[in-house]
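Hi,

Here is the structure I said I'd pass on. Have a look through it first, and then read my notes underneath.

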Amino acid sequence: MLLKHYFVEKIAHSSYILAGSKSCAVIDPQRDVEVYIQAARAMGVTITHILQTHLHADFISGHMDLAAQTGAKIYVAKSAQCTFAHEPLVEGDVIELEDMRLEVLETPGHTPEHLSYVVMDTSRSESPVGVFVGDTLFVGDVGRPDLFPNRAQELAAKLYHSLHDKLLKLPDYCEVYPAHGAGSLCGRSMGAKQTSTIGYERAFNAALQLADKAAFIKSLTENMPEAPDHFSRCSDINRKGPRRIAELPGLDELDARQFRERVADPGALVLDVRGYHAFGGQHIPDAWHLDLNGNFPTFAGWVLPTDKDILLVAEGYQQAVDANLWVRRVGVDRVVGYLKGGMPGWAVVGLASRSVPQISEEVLHGRMSTAPALQLVDVRAPNEFANSHIQGAVNIPVADLRGRWSELRKDLPTVVICSSGIRSSLAASILLRQGFEDVTNVAGGMTGYSAAGYAKQCRVCEIPHGSRFVVGVQDQETQ
C-alpha cells in the first residue's frame with residue numbers, strides 16, 4: 001500500500017493516490033489531472049478507480065477528465081444523484097484494490113450525500129489503517145453544515161451522528177486523510193497539519209469535545225464565516241459532470257486594439273491579475289482587480305460574474321496562463337484572451353487608463369485626524385474588524401461591497417483598507433466600476449497600520465474568514 005498526498009495552495013485542497021503494485025485509486029481529484037497521470041506512470045501503475053467523498057463545493061473536481069483519459073470508473077454516493085456514468089455507493093459497500101479493501105461509510109453533515117472510505121491493508125491486518133474523510137472531519141475542526149439553505153440544523157445533527165457514531169468508532173491509530181486543510185472555507189478553524197489520527201482528533205479537536213449534541217449543533221450553526229457564491233455552483237457542476245478542460249476556450253493573444261474591440265462587447269469584462277501596486281499605477285477603466293498573490297481563486301469564484309467572457313490583463317503570458325488555471329479550478333470557465341504586451345502595450349497606443357492612489361499607514365493616520373469628511377471603508381471580514389479596526393471606519397466585507405456600495409457616499413473621498421492591500425484593491429475596482437471618482441487604497445492595510453503603532457495587532461487578520469490563510473505552499477507528496 002502506497003499513499004501519495006497532493007495539496008493545492010490557496011483553496012487548501014487535499015487529494016490522494018492510493019496505490020498497490022499494479023493499480024491505484026485517486027481520491028477527490030483536482031480539476032487539472034495531469035499530476036495524477038504522471039505519478040501513476042512513474043510508479044508503473046494504472047489508475048482504475050476515482051473515488052469522490054462528496055460533491056465538492058469550493059472547487060471543480062477532475063473526475064470527468066481523469067475518467068476520460070484513463071478509463072477508470074468513478075465511484076460516488078448514490079444519494080448524490082449524479083447524472084454522469086458512475087458506480088453508486090451506499091453504506092456497507094466494499095471496494096477491492098489488490099490487497100486493500102475500502103469500506104464505505106455514509107457520513108452526511110457537511111453535505112447530504114457525503115461518504116468516507118475506511119482503508120484496510122489486508123496484507124498486514126484486517127484493522128483499519130486509515131480513513132478518507134472528505135470534509136466530515138479535519139485536523140482540528142469538522143465540516144461546516146451550513147452550505148445548504150434552511151438545512152443547517154438538520155445537517156449539523158447528521159454530522160454529529162457521522163462523527164460520534166461512525167468515525168470515532170474507528171481505532172485511535174487509524175489515520176485521518178481529509179480533503180481540505182488550513183485555508184479552506186469548508187471549515188472554520190482547521191489546523192495547518194494536513195493529516196492526523198482518530199485518537200489525536202478525539203483528544204484535541206475542539207469540536208469533538210462537545211459531547212452534548214445540542215451544544216455541538218449550536219456551535220456549528222452560529223457565527224459561521226460567509227460561504228462564497230461559487231460554493232453552490234460548484235456542487236451542481238460536480239453533480240452534472242464538469243466540462244472537460246480540452247473543451248474550454250483557448251487563451252487568445254490580443255494586441256491593444258484587438259483587446260479594446262473585445263472589451264467594447266457588453267458580454268465581456270476585464271480582469272486585471274497583476275499586483276495591487278501595478279493596478280493602482282495604471283489599469284483599464286472598469287477592470288476588476290484580483291491580485292494573483294492573494295487568495296485569488298476564492299475571490300474569483302466569489303465575485304466575478306459567470307455570464308461574461310473574461311479578458312485578462314497580466315504581467316505576461318505565463319501569469320495569464322496561471323490565472324486561467326486558478327479560475328478554472330473554481331468553475332470560472334470563460335477566460336478567452338489576454339492583453340499582449342500588458343499595460344505598457346496599452347499605453348503606447350494612447351488608450352485611456354485609470355489609477356488608484358496608494359497611501360502609507362502614516363499618511364492615512366494623518367488624514368484621519370485632518371480630513372473629517374474622509375470615508376474609510378474596511379473591507380475585511382466582520383471577525384477581523386471586531387478584533388482590531390480604526391475608529392470611524394465602516395465595515396463592509398469586500399464581497400458584500402458589490403451590493404452594498406450604495407450605502408456609501410460618492411461625494412466623499414473614499415479610502416479602502418483590508419489586512420494587506422489586496423482585498424482593498426479589489427474593493428477599489430468595485431467602487432470605480434460603480435462611479436466613485438476619488439478612491440484610495442492603503443498599501444499594507446491593517447497589518448502595516450498596527451506595525452506602525454497606530455492600532456493593536458489584528459490577530460484574526462492572520463486567519464481571514466476564520467481559518468488560516470495558506471499561500472506559497474507547493475503541491476506536496478508524502479509516502
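Below is what I found for two helix pairs and one phenylalanine.

Before anything else: this is a predicted model, so please read what follows in that light.

**H3 and H5**

Let me start with helix H3, which covers residues 152-164. H3 has 13 residues, and from its first C-alpha to its last it reaches 18 Å, close to the 18 Å expected at 1.5 Å a residue. Quite a few of its residues are buried: Ala152, Leu155, Ala156, Ala157, Leu159, Tyr160, Ser162, Leu163 and His164. What do the buried residues of H3 pack against? They pack against three strands, S8 (100-106), S11 (137-138) and S12 (141-142), and also against H5.

That last partner, helix H5, runs over residues 213-221. The axes of H3 and H5 are 9 Å apart and the two helices pack at an angle of about 125 degrees. An angle between 115 and 145 degrees falls outside the roughly perpendicular and roughly antiparallel ranges, so H3 and H5 are oblique to each other. Their crossing is right-handed. On the H3 side the contact is made by Ala152, Gln153, Ala156, Ala157, Leu159, Tyr160 and Leu163, and on the H5 side by Lys213, Phe216, Ile217, Leu220 and Thr221. Sorted by class, that gives nine nonpolar residues, two polar ones and one charged one.

**H9 and H10**

The other pair is H9 (residues 296-303) and H10 (residues 317-329). Here the axes are 8 Å apart and the packing angle is about 60 degrees, which makes H9 oblique to H10. The crossing of H9 and H10 is right-handed. H9 brings Phe296, Pro297 and Ala300 to the contact, while H10 brings Ala323, Trp326 and Val327. By class there are six nonpolar residues in this contact, with no polar and no charged ones.

**Phe296**

One residue of H9 gets its own paragraph: phenylalanine 296. Is phenylalanine 296 buried or exposed? Its relative accessibility is 1%, so phenylalanine 296 counts as buried, given that the cut-off for buried is under 20%. If you leave aside neighbours within four places in sequence, phenylalanine 296 is in contact with Lys10, Leu271, Val273, Leu290, Asp291, Ala323, Trp326 and Val327. Take valine 327 from that list: it sits 31 residues from phenylalanine 296 along the chain, and the two C-alpha atoms are separated by 8.1 Å.

Cheers

Definitions and conventions:
Residues are numbered from 1 along each chain as its sequence is written. This is a predicted model: local features need pLDDT of at least 70, side-chain atom pairs count only at pLDDT 80 or more; totals for chains, interfaces and linings use all residues. Side-chain values use heavy atoms; hydrogens and water are left out. Axes are lines fitted to C-alpha atoms, for helices over the stretch in contact, and angles run from 0 to 180 degrees between N-to-C directions. Helices (H or I, at least four residues) and strands (E, at least two) are DSSP runs, numbered from the N terminus. Angles under 35 degrees count as roughly parallel, over 145 as roughly antiparallel, 65 to 115 as roughly perpendicular and the rest as oblique. A crossing is left-handed if the near helix is turned anticlockwise from the far one by less than a right angle, and right-handed if clockwise. Contact means heavy atoms within 4.5 Å. Ala, Val, Leu, Ile, Met, Phe, Trp, Tyr, Cys and Pro count as nonpolar, Asp, Glu, Lys and Arg as charged, and the others, Gly among them, as polar. Buried means under 20% relative accessible area, exposed over 50%, partly exposed in between (1.4 Å probe, protein chains only). The expected span of a helix is 1.5 Å times one less than its number of residues.
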